[in-house]
2 protein chains.
Amino acid sequence: MPTLCQAARAASDTHHGSRPAATHHAPRLGIIGAGQLARMTAIAAAQLGCEVVVLAAHQDEPACALATRCVIGDRDDAAKLAQLAAQVDVVTLENEFVDARSLAALERQGVLLFPSAECVGEVQDKFVQKSVLAAHGVATPTFRAVNSEAEVAQAGAELGWPLVLKARRNGYDGKGNATLHSAADIGAAWFKLGGADGELYVEQWCPFVAEVAVIVTRDRHGASVVYPVTETVQRDHVCHRVMVPAPLAPTQQAEVQALAERAVAAVGGVGSFGVELFLMADGSLKLNELAPRVHNSGHYTIEACACSQFENHVRAVFGWPLGSTALRAPAAVMVNLLGSHAGPGRPQGLAEALAIPDIHVHLYGKTRVAAGRKMGHVTALGATIDSALERAESGAAALGFAQE
Amino acid sequence: MPTLCQAARAASDTHHGSRPAATHHAPRLGIIGAGQLARMTAIAAAQLGCEVVVLAAHQDEPACALATRCVIGDRDDAAKLAQLAAQVDVVTLENEFVDARSLAALERQGVLLFPSAECVGEVQDKFVQKSVLAAHGVATPTFRAVNSEAEVAQAGAELGWPLVLKARRNGYDGKGNATLHSAADIGAAWFKLGGADGELYVEQWCPFVAEVAVIVTRDRHGASVVYPVTETVQRDHVCHRVMVPAPLAPTQQAEVQALAERAVAAVGGVGSFGVELFLMADGSLKLNELAPRVHNSGHYTIEACACSQFENHVRAVFGWPLGSTALRAPAAVMVNLLGSHAGPGRPQGLAEALAIPDIHVHLYGKTRVAAGRKMGHVTALGATIDSALERAESGAAALGFAQE
């Protein structure tokens with residue numbers, strides 16, 4: 001059953017199910033996933049004249065309306081992945097949870113995929129990710145594989161408490177993590193995170209003074225560009241806001257950027273990657289996490305940088321030259337719009353938000369809101385962080401979503 | 001027969017032809033037309049979380065891929081206009097050629113339409129447009145209705161040669177105009193422009209020293225914002241490039257902006273309007289033409305201004321506060337990408353263009369190129385016009401479209 005929008009359009013308009021090849025002359029990008037990251041990537045790709053096909057779980061996902069065509073299906077369904085790949089010149093992804101084995105199967109079929117299955121495989125297992133990074137000299141919190149509750153207890157005894165027990169796969173926004181304050185916490189956390197399946201590891205708790213993040217875009221030949229370093233503020237383990245530039249000395253900025261580029265090179269990344277780091281009290285840095293995709297900490301680049309993380313991602317995966325990461329303004333702040341309840345996704349307060357001078361409101365078109373769900377974001381540029389912060393936070397405060 | 005993309009998707013995916021009302025909670029914008037202006041408006045609207053429905057002549061038009069849904073049909077088909085209007089909260093248009101009587105019929109059905117049918121009616125007949133503007137004290141070239149070749153000859157004798165014979169409707173990019181150097185030119189021009197249909201007028205030839213253009217966005221309550229004044233350069237009557245700021249003294253900039261705002265107010269415009277003016281040797285200004293829509297001379301605003309002409313158009317038609325028109329850089333230059341031949345629309349030279357530092361390439365996704373057809377544009381920001389000009393022209397020179 002065809003699930004392609006254009007094919008469906010053609011069928012409804014002309015009663016023919018296929019389209020002439022002439023419409024496939026533009027560069028064609030396939031994206032596995034259809035959330036807000038795919039949506040913003042699709043816009044950047046469209047501006048460069050690309051056709052975009054997304055693999056979406058359902059037709060109401062944020063990227064569907066902005067894509068040229070949608071394939072509806074599961075991201076781990078090999079047939080659907082192949083159906084997506086068959087329509088495009090290059091395939092990329094918007095999250096790291098696609099099974100690397102499915103991606104490897106695509107590559108064996110000759111599909112051009114960036115980042116590669118090997119890269120995604122290394123990144124999606126956080127224990128493997130940290131092992132690879134450590135092997136390349138990238139500082140990370142001390143970590144260790146654990147195969148039993150006893151091994152967790154031993155790690156706690158040796159590394160000290162608190163200790164963070166983490167799922168190797170599929171964790172995000174604090175999901176898949178548990179902080180253990182003593183050996184007494186092990187049992188419940190081991191059960192909650194599914195320790196019996198052998199997919200956990202532990203990290204030494206990291207008493208950071210700030211969290212910083214940086215976007216690196218790396219091309220197919222190993223050259224990369226790096227964006228300014230941002231300071232990120234989390235609330236309940238979810239990114240609340242991103243401020244750029246981060247309050248670091250120039251040498252430390254450069255150190256973060258170099259570390260981030262080394263990390264992305266270590267996993268052979270191609271495309272835009274988000275790199276999150278802990279800044280320690282002694283000024284040292286530890287890499288917290290790498291995301292093999294465009295990243296929430298880089299949304300500010302749409303307005304604040306000469307070339308956004310999204311456009312640079314498109315450029316990288318097509319093998320085109322990368323664009324400038326220079327800031328267009330001295331400072332920028334991005335604030336996420338998170339859902340506070342479950343209900344319809346209709347935005348409220350848009351007129352109030354737009355009355356605030358010089359802010360950029362991005363709403364992702366999600367039809368349903370849920371508590372903690374990322375519904376949009378607000379970016380403000382400014383002469384100073386404080387000026388941008390005040391406007392971005394005011395804009396975000398004005399916006400909400402309809403109560404049922 | 002349904003021609004809605006989402007309906008078609010739903011039909012192909014689930015064998016049901018309708019969609020749940022829950023997806024219609026976002027603000028919904030309808031656009032009559034689906035060319036590049038609708039495409040860029042659709043992107044701006046989507047970023048604000050709107051659903052966008054376009055009325056397109058065919059499904060390969062540039063805006064279709066970026067719209068939430070498409071209605072396929074003729075812009076002067078009352079049933080199709082009603083079908084579009086039924087799906088949205090407010091309707092706008094991307095060109096002034098929609099018959100104002102069709103628009104008035106929509107308004108009588110209770111459709112919220114901006115700009116209004118009356119406004120479009122006044123603007124789309126250039127003789128009426130200039131009459132309204134002149135009545136509001138806006139300087140224009142001297143113009144006169146002509147109902148016969150004899151009246152053209154008389155106008156030439158009184159106003160002097162050369163004289164410009166113009167179609168009252170549907171002219172653009174030099175189409176619908178003829179410059180008469182003497183009475184001997186009247187007969188051929190009268191025949192070519194269809195003078196027998198009584199839809200021509202004449203204008204005194206205007207020996208301008210420069211052409212300038214400015215975008216005005218006017219809200220539903222009559223308040224307006226105005227963008228910086230640009231200098232435009234035409235080649236063969238088609239916009240070749242736009243440079244901002246125009247080389248005018250600050251008082252003259254302000255004079256142009258005030259004149260443009262007065263002109264848009266004169267026709268009761270709501271939304272973004274393009275205003276083109278002639279700068280005369282004595283420093284005086286004459287309004288050349290008003291376009292009741294976003295305008296090619298304002299494409300630079302996407303990157304160069306805090307809020308683009310497209311976003312401000314969306315804000316205006318929904319009744320939301322207008323955004324800042326401030327420049328983000330000291331200078332910007334936009335160069336159009338025009339087709340040189342007939343053939344497929346596949347872009348060539350994109351990698352070469354993107355190697356030029358800090359340029360913004362916009363390709364409209366047209367599947368076919370034609371001589372003179374607007375296929376995309378390149379914008380560069382810079383510290384000076386010269387710096388931006390060099391990069392924008394180099395980018396445009398690198399880009400072409402596939403030869404058949």
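**Close-up 1. His237(A) sits in the loop between strand S11 (230-235) and strand S12 (238-244) of chain A.** This is a predicted model, and in it the phi of His237(A) comes out near 70°. That is a positive value in a residue other than glycine. Is His237(A) buried or exposed? His237(A) is exposed, because just 12 other C-beta atoms lie within 10 Å, and 12 or fewer is the cut-off for that label.

**Close-up 2. Asp358(B) is another non-glycine residue with a positive phi, here near 55°.** Look for Asp358(B) in the loop that links helix H12 (350-354) to strand S18 (360-363) of chain B. Asp358(B) has 19 C-beta neighbours inside 10 Å and so counts as partly exposed; 20 or more would make a residue buried.

**Close-up 3. A cis peptide bond runs from Trp161(A) to Pro162(A), with omega near -5°.** Pro162(A) belongs to the loop between helix H7 (149-159) and strand S6 (163-167) of chain A.

**Close-up 4. Chain B has a cis peptide bond from Val244(B) to Pro245(B), with omega near 0°.** Where is Pro245(B)? Pro245(B) lies in the loop that connects strand S12 (238-244) with helix H9 (250-266) of chain B.

**Close-up 5. In chain A, four strands make an open parallel sheet, in the order S3-S2-S1-S4.** Strand S3 (69-72) and strand S4 (90-93) of chain A are the edges; each has a single partner strand, so one side of each has no neighbour in the sheet. Ignoring direction, neighbouring strands are turned by 25° against each other on average. Zoom in on strand S1 (residues 28-32) and strand S2 (residues 51-56) of chain A and you'll find a parallel pair joined over five bridges. Leu29(A), for instance, stands opposite Val52(A) in S2(A). Helix H2 (residues 36-47) of chain A packs on this sheet and touches S1 and S2 of chain A, with its direction at about 165° to that of S2(A).

**Close-up 6. Gln47(A) is part of helix H2 of chain A.** Gln47(A) is buried, since 24 other C-beta atoms lie within 10 Å and the cut-off is 20 or more. How far apart are Gln47(A) and Gly194(A) in sequence and in space? They are 147 residues apart in sequence and 44 Å apart in space, going C-alpha to C-alpha.

**Close-up 7. Helix H4 (residues 100-108) and helix H5 (residues 117-124) of chain A have axes that come within 8 Å and cross at roughly 175°.** That angle makes H4(A) roughly antiparallel to H5(A), because anything over 145 degrees gets that description. Which residues do the touching? From H4(A), Ala100(A), Leu103(A), Ala104(A) and Glu107(A) meet Ala117(A), Val120(A), Gly121(A) and Gln124(A) of H5(A). Sorted by class, this contact has five nonpolar, two polar and one charged residues.

**Close-up 8. Chain B has an open sheet of four strands in the order S5-S8-S6-S7, with antiparallel pairing.** Strand S5 (143-145) and strand S7 (177-180) of chain B are the edge strands, each pairing on one side only. From one strand to the next, the twist averages 25°. Helix H7 (residues 149-159) of chain B packs on the sheet, in touch with S5, strand S6 (163-167), S7 and S8 of chain B. The direction of H7 makes about 140° with that of S6(B). At one edge, S5(B) pairs with strand S8 (residues 200-204) of chain B over three bridges, in the antiparallel sense. In that pair, Arg144(B) has Val202(B) of S8(B) as its bridge partner.

**Close-up 9. Strand S18 (residues 360-363) of chain A is covered on both faces.** In a regular strand the side chains alternate between the two faces of the sheet. Here His360(A) and His362(A) are on one side, Val361(A) and Leu363(A) on the other, and all are buried. S18(A) pairs with strand S20 (residues 374-382) of chain A in the antiparallel sense, over four bridges. Across that pairing, His362(A) stands opposite His377(A) in S20(A).

**Close-up 10. Chain A is assigned three stretches: domain 1 (5-113), domain 2 (142-204) and domain 3 (210-401).** Taken over C-alpha atoms, the centres of domain 2 and domain 3 of chain A are separated by 29 Å.

Definitions and conventions
Residues are numbered from 1 along each chain as its sequence is written. Chains are lettered from A and ligands numbered from 1 in the order in which they are written. This is a predicted model: local features need pLDDT of at least 70, side-chain atom pairs count only at pLDDT 80 or more; totals for chains, interfaces and linings use all residues. Domain bounds come from an automatic or database domain assignment. Two strands pair if DSSP finds at least two bridges between them. Helices (H or I, at least four residues) and strands (E, at least two) are DSSP runs, numbered from the N terminus. Axes are lines fitted to C-alpha atoms, for helices over the stretch in contact, and angles run from 0 to 180 degrees between N-to-C directions. Two residues are in contact if their C-beta atoms, placed from the backbone, lie within 7 Å. Angles under 35 degrees count as roughly parallel, over 145 as roughly antiparallel, 65 to 115 as roughly perpendicular and the rest as oblique. Ala, Val, Leu, Ile, Met, Phe, Trp, Tyr, Cys and Pro count as nonpolar, Asp, Glu, Lys and Arg as charged, and the others, Gly among them, as polar.
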